[in-house]
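Work through the following exercises with the sequence and the model at hand, attempting each task before reading its solution.

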Amino acid sequence: MSDNPCLSCGACCASFRVDFDRSELESEGGRVPDGLAVELTGRLVRLRGTDHAQPRCAALSGKVGARASCGIHEWRPSPCREFGERAPMGIGDDACARARARHGLPPL
């Protein structure tokens, strides 16, 4: 079992909008499944579910903070890959702490 808190937390996936370039979609040669994206502009798309008043990425499954996982972890878009780069080592940042606080979780 991994000690990476990100692999079971999911707070970031249920706290922020996730916008990324259309080139990251499968239909454009990328790896993000098209069905998980909503078009914003000609070049910009958003992960489905992250634009709700209470955001929750459509690829997130499980209970935030307890047993959450990303259904497209290895195909996730660049904003997800870049978020909290040190969190897997148990070192959070301000955005991670805000996401965790939103769900009643202590910072890393």
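**Exercise 1.** Determine how the lining of the largest pocket divides by residue class in this predicted model, and then establish which elements contribute to that lining.

*Solution.* Begin with the classes: the lining of the largest pocket has 24 nonpolar residues, together with five polar and five charged ones. The whole lining amounts to 34 residues, and those that lie nearest the centre of the pocket are Cys12, Cys13, Arg76, Cys80 and Phe83. The volume of this pocket comes to about 660 Å³. Turning to the secondary structure, the elements that supply two or more residues to the lining are α1 (6–9), β5 (67–70), α2 (78–82) and α3 (94–102).

**Exercise 2.** Work out which residues of α3 are buried and which are exposed, and explain how the two groups are placed around the helix.

*Solution.* Apply first the cut-off for burial, which is a relative accessible area under 20%; in α3 the residues Ala95, Cys96, Ala99 and Arg100 are buried. These four cover an arc of only 130° around the axis, which puts them on the same side of α3. Exposure requires a value over 50%, and Asp94, Arg98 and Ala101, found on the other side of α3, are exposed.

**Exercise 3.** Classify Ser15 and Glu85 as buried or exposed, and relate each of them to a residue of α3 by C-alpha separation.

*Solution.* Ser15 belongs to the loop between α1 and β1, and because its relative accessibility is 7%, it counts as buried. Along the sequence Ser15 is 84 residues apart from Ala99, yet in space their C-alpha atoms are 5.6 Å apart; Ala99 is itself one of the buried residues of α3. Glu85, by contrast, sits in the loop between α2 and α3 and is exposed, its relative accessible area being 59%. Between Glu85 and Cys96, which are 11 residues apart along the chain, the C-alpha separation is 10.0 Å.

**Exercise 4.** Describe the order and pairing of the open sheet of three strands, and say why one side of β1 and of β2 is left without a neighbour.

*Solution.* The strands follow the order β1-β3-β2, and their pairing is antiparallel. Since β1 (19–21) and β2 (37–39) stand at the edges and each has a single partner strand, one side of each is left without a neighbour in the sheet. Neighbouring strands are turned against each other by 40° on average, with direction ignored. For the pairing of β2 with β3 (residues 44–47), three bridges can be listed, and Ala37 stands opposite Leu47 in β3.

**Exercise 5.** Characterise the hairpin that β4 and β5 form, including its turn.

*Solution.* Strand β4 (residues 60–63) pairs with β5 in the antiparallel sense, over four bridges, and Lys63 stands opposite Arg67 in β5. Three residues lie between the two strands of the hairpin, and in the turn Gly65 has a positive phi of about 85°. The solution also links back to the pocket, as β5 is one of the elements that give two or more residues to its lining.

Note on methods:
Residues are numbered from 1 along each chain as its sequence is written. This is a predicted model: local features need pLDDT of at least 70, side-chain atom pairs count only at pLDDT 80 or more; totals for chains, interfaces and linings use all residues. Side-chain values use heavy atoms; hydrogens and water are left out. On a 1 Å grid over the protein atoms alone, a cavity is a set of points where a 1.4 Å probe fits but cannot get out, and a pocket is an open set with protein on both sides within 12 Å along at least five of seven lines; lining residues have an atom within 4 Å of a point. Grid points are joined across faces, edges and corners, and a volume is the space filled by probe spheres set on the points. Ala, Val, Leu, Ile, Met, Phe, Trp, Tyr, Cys and Pro count as nonpolar, Asp, Glu, Lys and Arg as charged, and the others, Gly among them, as polar. Two strands pair if DSSP finds at least two bridges between them. Axes are lines fitted to C-alpha atoms, for helices over the stretch in contact, and angles run from 0 to 180 degrees between N-to-C directions. Buried means under 20% relative accessible area, exposed over 50%, partly exposed in between (1.4 Å probe, protein chains only). The arc is that of the directions from the helix axis to the C-beta atoms.
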